[in-house]
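Trainee: I've got a model open on my screen and I'd like to learn how to read it. Could you walk me through it, feature by feature?

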Amino acid sequence: MSKTIVNAEYVVVYGDSPSELSNKVNKYIKQEYRPEGSHQVVVMRQECRYRGDQLIDTLNKIEYSQTLIKWP
């Protein structure tokens with residue numbers, strides 16, 4: 001069963017770490033927003049570092065996000 005969204009406030013919050021995202025989500029929860037669905041984790045940038053032809057390591061820039069809705 002789907003909900004009809006009437007005058008609901010919709011926000012997406014982002015963080016560079018799970019703890020940063022949690023802090024932001026908790027602030028919105030205190031303002032009566034509720035998480036909608038699960039959080040998302042996306043690799044925004046990936047950098048492979050080489051020494052000559054040998055792969056040394058890979059650096060990932062990761063972004064965490066969560067959608068929240070405040071129902072009237």
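Trainee: Let's begin with the strands. In what sense do E3 and E4 pair, and over how many bridges?

Mentor: Keep in mind that this is a predicted model. To read a strand pair, look at the direction and then count the bridges. Here E3 and E4 run antiparallel, with eleven bridges between them. One example is Gln46, whose bridge partner in E4 is Asn60.

Trainee: What links E3 and E4 along the chain?

Mentor: A hairpin, with two residues between the strands. Have a look at Gly52 in that turn: its phi is positive, about 70 degrees.

Trainee: Which other strands does E4 pair with? Take E1 to begin with.

Mentor: E1 pairs with E4 in the antiparallel sense too, over seven bridges. In that pairing, Tyr10 has Ile69 of E4 as its bridge partner. Then there's E2, residues 34-35, which is joined to E4 by two bridges and is antiparallel as well. Arg34 stands opposite Ile69 in E4, so Ile69 is a handy residue to click on, being the partner of Tyr10 as well.

Trainee: How do I read side chains along a strand?

Mentor: In a regular strand the side chains alternate between the two faces of the sheet. For a single residue, check the accessible area and the contacts.

Trainee: Let me try Ser65 in strand E4. Is Ser65 buried or exposed?

Mentor: Ser65 counts as buried because its relative accessible area is 12%, and the cut-off for buried is under 20%. Leaving aside neighbours within four places in sequence, Ser65 touches Val12, Val13, Tyr14, Leu21, His39 and Gln40.

Trainee: And Thr58, which is in E4 as well? What does Thr58 contact beyond its sequence neighbours?

Mentor: Setting aside residues within four places in sequence, Thr58 is in contact with Gln46, Glu47 and Cys48. Its relative accessible area is 34%, so Thr58 is partly exposed. Sequence separation won't give you distance in space, by the way: Thr58 and Glu32 are 26 residues apart in sequence, and their C-alpha atoms are 40 Å apart.

Trainee: Next, charges. How many salt bridges turn up in the whole structure?

Mentor: Four. For each one, ask which elements the partners sit in and how accessible they are. One of them joins the side chains of Asp16 and Lys61, at 2.8 Å from N to O. That pair links distant parts of the chain, 45 residues apart: Asp16 is in the loop between E1 and H1, and Lys61 is in E4. Asp16 is partly exposed because its relative accessibility is 49%, and Lys61 is partly exposed at 36%.

Trainee: Where do Lys24 and Glu20 lie?

Mentor: Both are in helix H1, four residues apart, or about one turn of the helix. Their side chains form a salt bridge at 3.4 Å, N to O. Lys24 is partly exposed at 33%, as is Glu20 at 28%. There's also Arg45 with Glu47, at 3.6 Å, N to O. Arg45 counts as exposed at 52%, whereas Glu47 is partly exposed at 34%.

Trainee: One last thing: what is the mean pLDDT of the chain?

Mentor: Where pLDDT is low, the predicted coordinates should not be read in detail. This protein chain has a mean of 92, with 93% of its residues at 70 or more. Confidence is highest in helix H1, at 97, and lowest in strand E3, at a mean of 94.

Definitions and conventions: Residues are numbered from 1 along each chain as its sequence is written. This is a predicted model: local features need pLDDT of at least 70, side-chain atom pairs count only at pLDDT 80 or more; totals for chains, interfaces and linings use all residues. Side-chain values use heavy atoms; hydrogens and water are left out. Buried means under 20% relative accessible area, exposed over 50%, partly exposed in between (1.4 Å probe, protein chains only). Contact means heavy atoms within 4.5 Å. pLDDT is the predictor's confidence in each residue, from 0 to 100. Two strands pair if DSSP finds at least two bridges between them.
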